[in-house]
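Here are some exercises to work through with the model open beside you. Try each task yourself before reading its solution.

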Amino acid sequence: MGKHLSTACALILVFGALVHFDTVFSAEAVSKTTVILPKPGHCPRRLNVVPSHRGCLCDEDCPADHKCCVFDCGAVCVPPAFTKPGVCPRRTRGFGVCAEYCSNDSDCPSDEKCCSNGCGHQCTKPFTVKPGRCALPKTTPMCAEYCYHDGQCPGEQKCCRTTCGHACSEPC
């Protein structure tokens, strides 16, 4: 019984040493692991350029600032798309031209954004969104559209809903 006990203790000691050995080396492996961050921008909605590389698995497989994006033809490297600041204007009535003049903000000049016109997409000057929130609409007799976006309001005022329209108001 004493011999079996000493053998069991020796096995436990060896097992403990192996666990410690594995823990030390796996900790070293974790500390040597490099984290690969995705490149800036996002994949475009449509493939409208010739890909720089086919068969990528991640952004790191692509040259320069290109991103690995999946389209109907598979994974390819393409220039990234970026979202510009501002908000697309809401349609006031009707539909625009049923054509796709852009597919991403990156397709548009200067500060214009690629916005829906009700049927297609076109480059449009964005609206400015001022900080703050609109208060809940009060019962007011203003039944008209005095503004359509914050950029049409003076100073810090925002374009807020009324009970039956929109008007410039101080934010809350």
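A disulfide here is a pair of cysteine sulfur atoms within 2.5 Å. The model is predicted, so local features need pLDDT of at least 70 and side-chain atom pairs count only at pLDDT 80 or more, while totals for chains, interfaces and linings use all residues. Residues are numbered from 1 along each chain as its sequence is written, and side-chain values use heavy atoms, with hydrogens and water left out.

**Exercise 1.** Find how many disulfides the rule gives, and trace the link between Cys43 and Cys69.

*Solution.*
- Step 1: The count comes to 10 disulfides.
- Step 2: In the pair Cys43 and Cys69, the sulfur atoms are 2.1 Å apart.
- Step 3: The torsion about their S-S bond is about -90 degrees, so this disulfide is left-handed.
- Step 4: Cys43 sits in the loop between helix H1 (2–32) and S1, and Cys69 in strand S2, 26 residues apart. Helices (H or I, at least four residues) and strands (E, at least two) are DSSP runs, numbered from the N terminus.
- Step 5: Cys69 is buried at a relative accessible area of 2%, whereas Cys43 is partly exposed at 32%. Buried means under 20% relative accessible area, exposed over 50%, and partly exposed in between (1.4 Å probe, protein chains only).

**Exercise 2.** Work out why Cys73 has no bond to Cys56, and then look at Cys172.

*Solution.*
- Step 1: The closest cysteine sulfur to that of Cys73 is in Cys56, at 9.8 Å, which is too far for a bond.
- Step 2: Cys172 is in no disulfide either, and its nearest cysteine sulfur, that of Cys134, is 7.5 Å away.
- Step 3: Cys73 is partly exposed at 45%, and Cys172 is exposed at 55%.

**Exercise 3.** Lay out the order of the three strands in the open sheet.

*Solution.*
- Step 1: The order is S1-S3-S2, with antiparallel pairing. Two strands pair if DSSP finds at least two bridges between them.
- Step 2: S1 (53–54) and S2 (67–71) are at the edges with a single partner strand each, so one side of each lacks a neighbour in the sheet.
- Step 3: Five bridges join S2 to S3 (residues 74–78), and Cys69 has Val76 as its bridge partner in S3.

**Exercise 4.** Describe the hairpin of S4 and S5 and the place of Asn117.

*Solution.*
- Step 1: S4 (residues 113–116) and S5 (residues 121–124) run antiparallel, joined by four bridges.
- Step 2: Four residues lie between these strands, and Gly118 in the turn has a positive phi of about 100 degrees.
- Step 3: Asn117 lies in the loop between S4 and S5 and is buried at 10% relative accessibility.
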